[in-house]
Amino acid sequence: MEVVDAQFSHQISLLLEPPSPLQVKEYFHELTTTNHLHGIQVKPTNHYGKGVYADVDFEEEELVLKDQMLVGMQHSSNKIDCLVCGCCFRFIGSIEIQIGRKLYLQGLGGGPHDDCFNEKVELLMHERLELPHSKKFPLPEVINCPGGCKEVYYCSKYCAQADWDSCHSLLCTGDGSKSISNKALSKFIQHANETNDIFILAAKAISCTILKYRKLKAACDKEKQKEKNHLSDVLGNHNFSLLLKAWKPLSMGYKRRWWDCIALPDDVNVSDEASFRMQIRQLALESLELLKAAILDEECLPLFSLEIYGHIIGMFELNNLDLVVASPVEDYFLYLDDLPETEKKEVDEITQPFLDALGEDYSVCCQGTAFYPIQSCMNHSCCPNAKAFKREEDKDGQATILACKPIKKGEEITISYIDEDLDLEERQALLADYGFICKCARCVEEDA
Ligand SMILES: [Zn+2]
Ligand SMILES: [Zn+2]
Ligand SMILES: [Zn+2]
C-alpha cells in the first residue's frame, strides 16, 4: 500500500462511502433548485443507487435536461483543431482565427505550402485578413488566462474568473499560478499528454476540491474569530469534515477503481489481464506522484492517495459523456456553398485555397470528456426513452438530453450507455464493463 493510503485509510473509506438515500435526495434537490432545472427529479432507488425521473410529461424530441458539467476537458489532441473557451467550451475568436490557427499549427509539423500561402495563414490567424461573410458567424472575443499561461483561453471575463476560482489557479503554468512548482506541473501535464489525458481531468477534480476546501475553511475561520470560543483540539476532525463537504459533488458519482473497471483492450490477451491491470495501476501511481509535486496540500492529503485517484478516474471511466461542440467553420463553409453562383465564384477564389489546405477535416468538432452530475445518474436501458443529442442552438459544453419517445410523469428517464443496435450477447458483454447485467424490457424479451 502507498504511504498516504496507509496513513489515511479511515478518511479514505469515509470519502469513498456511497451517499445515503437521504444525502442523495438532499444534494440533488438543492442542485436542481439552484440550477432552475424543472421537470426532472433525481431519486434514490433500490437496485442501482439512484435514477432520474420525469416530473412532467415530455413529448418526443422535447428537451429533458441541460446539465452543467462538474468537470470537463478538451482532449489534448483536439487543441490544434479548435480554439474553445476553457470553461464553457464555446468556440471563440473568429472564423479567421479558427481557420488560420489550425492551418498554422498544422504547418508547424512541416506543411506542403509555399511562403505566400503561409503568410496568408498568419494574417488570418492574427485577424489581419478578413474572409467574405465571416461576420455572419460572430464568435466571442478571446480572453487570456488571468494567470498568464497562454495555454487556456476564455469566451468572457466571467468564464476566465469562474475557471480560475474553481480549479485553474492551481493548474495554471503561468506566472500567476498557485501551484507549488510550475516545472513540476508541466511535467505532470506532459506525462498525461503522452499517456492518458484523463489524468488532467482527475487533476481538475482534485484541484476543485482543494480550492473549495480552502474557501470553506476561510469562511469557517472568520466565524471562529467572531466566536473566539472554539477548542483547538477538535481542529483536525473539523478540517476533515470541511474536506468531506468540499468533496460532496464528487462523492455522488458511482465509483470503482480505474484499473479494476477499465475494459480490457482487444489487443490484450485474457491471460495477460492481471498484468495489464497492474500496469494501469502503475501508470496512475506515476501520474499521482507528479501531481503531488505540483499541487500537494497537506490539509487535503487523503485526496492524494492512490485509492482516491484511482476511484476518481474510474468514476470518469464509468460515467463520463463525450463532450462535443459543433464547429462554426462547418456552418461557414456550408453558407458559402449556398451563395448564388456568380458570387460564389468570386468568394471561392479567396476561400478555396484555405478549404483545400484544411482538407477533409475542415471542421472538426470540439472533442473532450466531462462528468455531468445529473446525466451521470441516468440509468441504462437498451430501449431508452432519452438520448444525449446536441441541437443547432447548443453551442457550449453542457449535456443536452432529449426525449426519444414520449415520457410520462413519474417514469424513469433512461439512456443507452452503448450502441443499442448490437445484439443481446454483445450488449451484455459491453455492459459487464459497467458492472451490471441489464434487465431492461428488451433484454428480458430477447433472452426469452
Ligand atoms: Zn466560456
Ligand atoms: Zn492559466
Ligand atoms: Zn438491456
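**Cores.** I began with the largest nonpolar core of this predicted model, and found that among its 98 residues V84, C85, A202 and I312 touch the most other members. I then asked which helix gives the most to this core, and noted that it is α8, residues 198-227, with 12 residues. Looking up A202, I listed its contacts as Y309, I312 and I313, leaving out residues up to four places away in sequence. I also recorded a second, separate core of 10 residues, which includes I95, V329, L336 and F354.

**Helix α13.** I turned next to α13, residues 328-337, and marked P328, V329, Y332 and L336 as its buried residues. They span an arc of only 105 degrees around the axis, and I therefore place them on the same side of α13. This fits what I keep in mind about helices, that with 3.6 residues a turn, residues three or four places apart point the same way. On the other side of α13 I noted L334 and D337 as exposed. What do the buried residues of α13 pack against? I found α4 (95-108) and α14 (341-358).

**Sheet.** I followed an open sheet of 4 strands in the order β1-β2-β12-β9, and wrote down its pairing as mixed. Its edge strands are β1 (40-45) and β9 (379-380), each of which pairs on one side only. Between β1 and β2 (residues 49-54) I counted 6 bridges in the antiparallel sense, and I noted K50 in β2 as the bridge partner of P44. Finally, I checked helix α3, residues 21-34, which lies across β1 and β2 and runs at about 170 degrees to β1.

Technical notes: Residues are numbered from 1 along each chain as its sequence is written. Chains are lettered from A and ligands numbered from 1 in the order in which they are written. This is a predicted model: local features need pLDDT of at least 70, side-chain atom pairs count only at pLDDT 80 or more; totals for chains, interfaces and linings use all residues. A nonpolar core is a set of buried Ala, Val, Leu, Ile, Met, Phe, Trp, Tyr and Cys residues joined through C-beta atoms within 7 Å. A residue is buried if 20 or more other C-beta atoms lie within 10 Å of its own, exposed if 12 or fewer, and partly exposed in between; C-beta atoms are placed from the backbone. Helices (H or I, at least four residues) and strands (E, at least two) are DSSP runs, numbered from the N terminus. Two residues are in contact if their C-beta atoms, placed from the backbone, lie within 7 Å. The arc is that of the directions from the helix axis to the C-beta atoms. Two strands pair if DSSP finds at least two bridges between them. Axes are lines fitted to C-alpha atoms, for helices over the stretch in contact, and angles run from 0 to 180 degrees between N-to-C directions.
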